[in-house]
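Student: I would like to learn how to read salt bridges and pockets in a structural model. May we work through one case together?

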Amino acid sequence: MAWAVLFCGFALAAPLQAAGQGQPLGTWVGHWTREGSTVDITMRVAKGPQGLEGSFDSEGLRVVGIPLRNLVWSPPKLTWEVVGDATTETYAGQLRGEVLTGEFKQGEATGSFSFTRASHVPPPPRQEDITFPSGNLTLAGTIFIPAGKGPHPGVVFLHGSGAEGRWASNFLAAAFARRGFAALAYDKRGVGKSGGNWQGAG
């Protein structure tokens with residue numbers, strides 16, 4: 001994954017004043033910086049059955065929905081990881097008011113980040129995971145659904161070379177959905193949750 005090589009940064013945190021106080025839930029916007037390069041990030045965090053869950057989007061990195069791992073909130077500190085194909089990036093930040101700043105590390109390389117809580121960020125397109133038959137195989141993917149009442153025009157993303165999953169097309173699928181298209185990105189045969197073997201397919 002290209003995003004895994006580029007060490008991605010983002011952050012989240014803001015003290016909640018009502019129920020759930022002390023939980024960094026919501027949408028957060030900011031950037032990470034390393035060696036003079038800056039990338040804007042939007043991150044969403046929610047409370048799941050096993051604790052905090054999160055993901056991030058980046059226009060600059062052309063990714064959506066990249067998951068965060070091992071989110072640990074120990075006020076005023078927040079730590080998390082981004083796990084790629086070959087590397088794991090670690091992040092550690094400290095909350096001051098509604099701003100979270102800190103550092104991230106990938107191997108021996110380090111960078112910094114700064115984020116604030118967002119109040120008016122449009123929600124991402126609705127997603128629905130599906131499976132569908134292809135001959136005697138079952139393939140799996142995600143439909144990105146535009147707002148409003150359908151029917152909507154549709155687009156299906158096909159794969160390039162290599163073991164490519166739906167993640168490779170999710171950024172463009174989400175962009176199409178924001179413009180009124182229902183968009184399907186799916187895992188190549190033998191990748192992710194799809195059956196079969198792409199290396200032996202005609």
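Tutor: Let us begin with a single residue: Glu35 counts as exposed, because its relative accessibility is 71% and exposed means over 50%. Please bear in mind that this is a predicted model.

Student: With which residue does the side chain of Glu35 meet in a salt bridge?

Tutor: The general idea is that side chains of opposite charge can pair when their charged atoms come close. Here the partner of Glu35 is Arg34, with an N to O distance of 3.9 Å. Arg34 counts as buried, since its relative accessibility is 15% and the cut-off for buried is under 20%.

Student: How many salt bridges does a search of the whole structure find?

Tutor: The search finds 4. One of them joins the side chains of Asp57 and Arg44 at 2.8 Å, N to O. Asp57 belongs to strand S3 and Arg44 to strand S2, so this pair ties together parts that are 13 residues apart in sequence.

Student: Is Asp57 buried or exposed?

Tutor: Asp57 is buried, at a relative accessible area of 17%.

Student: Which residue pairs with Arg166 in a salt bridge?

Tutor: The side chain of Arg166 meets that of Asp129, at 3.6 Å from N to O. This pair links distant parts of the chain, 37 residues apart: Arg166 is in the loop between strand S11 (154-157) and H2, whereas Asp129 is in strand S9. With regard to accessibility, Arg166 counts as buried at 14%, while Asp129 counts as exposed at 58%.

Student: Which residues do salt bridges that share partners join into one network?

Tutor: The network consists of Asp129, Arg166 and Asp187.

Student: Let us turn to pockets. How much space lies in the largest pocket?

Tutor: A pocket may be read through its volume and its lining. In this model, the largest pocket holds about 1000 Å³ of space. Its lining comprises 44 residues, and those closest to the centre are Asp57, Val64, Gly65, Ile66 and Gln127. Asp57, already met as the salt-bridge partner of Arg44, is thus again of interest here.

Student: Which elements give two or more residues to this lining?

Tutor: Among them are strands S1 (26-34), S2 (37-48), S3 (51-58) and S9 (126-134), together with helix H2 (167-178). The largest share, 6 residues, comes from S4.

Student: How many residues of each class are in the lining?

Tutor: The lining has 21 nonpolar, 13 polar and 10 charged residues.

Notes:
Residues are numbered from 1 along each chain as its sequence is written. This is a predicted model: local features need pLDDT of at least 70, side-chain atom pairs count only at pLDDT 80 or more; totals for chains, interfaces and linings use all residues. Side-chain values use heavy atoms; hydrogens and water are left out. On a 1 Å grid over the protein atoms alone, a cavity is a set of points where a 1.4 Å probe fits but cannot get out, and a pocket is an open set with protein on both sides within 12 Å along at least five of seven lines; lining residues have an atom within 4 Å of a point. Grid points are joined across faces, edges and corners, and a volume is the space filled by probe spheres set on the points. Helices (H or I, at least four residues) and strands (E, at least two) are DSSP runs, numbered from the N terminus. Ala, Val, Leu, Ile, Met, Phe, Trp, Tyr, Cys and Pro count as nonpolar, Asp, Glu, Lys and Arg as charged, and the others, Gly among them, as polar. Buried means under 20% relative accessible area, exposed over 50%, partly exposed in between (1.4 Å probe, protein chains only).
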